[in-house]
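Visitor: Could you pick one part of this model and take me through it closely? I would like a single connected account rather than a list.

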Amino acid sequence: MGNWLTSWHRSLQQWLTLVAKANCPLCQRATSQAFCLDCQRQVQQCRLAPPTWQQQAELSILAWGRYDGALKRAIAAMKYHNQPELAVALGHWLAQSWPHQAGKQSAIVVPIPMHEAKRQQRGFNQAELLADSFCAMTGLICKPDGLRRIRETEAQFRLSHTARVQNLRDAFALGPAFLHHPPTRPVLLLDDIYTTGATARSAARTLRSQGIRVQGIMVLAIAVSDQATSSPRPHC
């Protein structure tokens, strides 16, 4: 009887999980997709069109959309509300910005790593999940172990610009994929959000210090105040 009850309880929990995942993460309406059609439209309204490479300091950035409105809420749902499956749809949309970027097709994608302690706490690295989905659509090679985060850092949003730079000093090192076999092709970093760029620049410097070329960083969203483009702001 005990085994039967245990099996029944496990089946019930699995069924309840499936039912819960049938709700839109932004409005809780029933949907068979990652987002309901209305929320999907709201997220798409945050997309930058056309996506273009922009240069900030020593790094080129390609962003799918603005870190605002429905896109900001979608990223928060993925990261903080334990819905990593949203990375599949978000990564596919991110890939839509890639085919038009001539000359960038041969890059190796390296997601920005998390420190192992934080990864264990969250259960996943959202940048790695986005990179998996992005690479599945673009055909690019993903090397999630190209970089390691060797020092646990404070949350960047709590810090000033100067403190962010200090916070990330010596935070990264080459991972096992590149340690003994550096890539001959350039690296494309990938992350969910670009704000001040301190994290991306620190990661890029680590790679470049070992003679590895970095073409830039691909991000799902760029903070509005840091977005260096003349494109009109969408209603998101």
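**A close look at strand β2 and its surroundings**

Guide: Let's begin with two tryptophans: W64 and W93 are both buried, where buried means under 20% relative accessible area, exposed over 50% and partly exposed in between, with a 1.4 Å probe and protein chains only. Before going on, please note that this is a predicted model, in which local features need pLDDT of at least 70 and side-chain atom pairs count only at pLDDT 80 or more, while totals for chains, interfaces and linings use all residues. Residues are numbered from 1 along each chain as its sequence is written, and side-chain values use heavy atoms, with hydrogens and water left out.

The structure holds 4 aromatic pairs. Rings of Phe, Tyr and Trp (for Trp, the six-membered ring) pair if their centres lie within 6.5 Å; planes under 30 degrees apart count as stacked, over 60 as edge-to-face, and the rest as tilted. W64 and W93 make a stacked pair, because their ring centres are 6.1 Å apart and their planes meet at 15 degrees. W64 belongs to strand β2 and W93 to helix α4 (residues 86-95), so this pair ties together parts that are 29 residues apart in sequence. Helices (H or I, at least four residues) and strands (E, at least two) are DSSP runs, numbered from the N terminus. F35 joins W64 and W93 in one aromatic cluster.

Now for the strand that carries W64. In β2, 8 of the 8 residues are buried, so the strand is largely enclosed by the rest of the structure. Strand β2 (residues 59-66) pairs with strand β8 (residues 214-222) in the parallel sense, over 5 bridges; two strands count as paired if DSSP finds at least two bridges between them. I61 has I217 of β8 as a bridge partner. Strand β1 runs antiparallel to β2, and 3 bridges join them. I61 appears here too, as the bridge partner of Q54. The hairpin of β1 and β2 has 2 residues between the strands, and A57 takes a positive phi near 55 degrees there.

Stepping back, 6 strands form an open sheet with mixed pairing, in the order β1-β2-β8-β7-β3-β4. β1 (54-56) and β4 (141-142) stand at the edges with a single partner strand each, so each has one side without a neighbour in the sheet. Helix α6 (residues 126-138) packs on this sheet, touching β3 (108-111), β4, β7 (187-194) and β8, and its direction makes about 125 degrees with that of β7. Contact means heavy atoms within 4.5 Å, and the angle runs from 0 to 180 degrees between N-to-C directions, using axes fitted to C-alpha atoms, for helices over the stretch in contact.

Helix α6 also brings us back to aromatic rings. W98 and F134 form an edge-to-face pair, 5.8 Å centre to centre with 80 degrees between the planes. This pair links parts 36 residues apart: W98 in the loop between α4 and β3, and F134 in helix α6. Both W98 and F134 are buried.

Finally, the wider setting. The protein has 9 helices and 8 strands, and buried residues make up 47% of its 236 residues. Among contacts between residues at least 6 apart in sequence, 73% join residues at least 24 apart.
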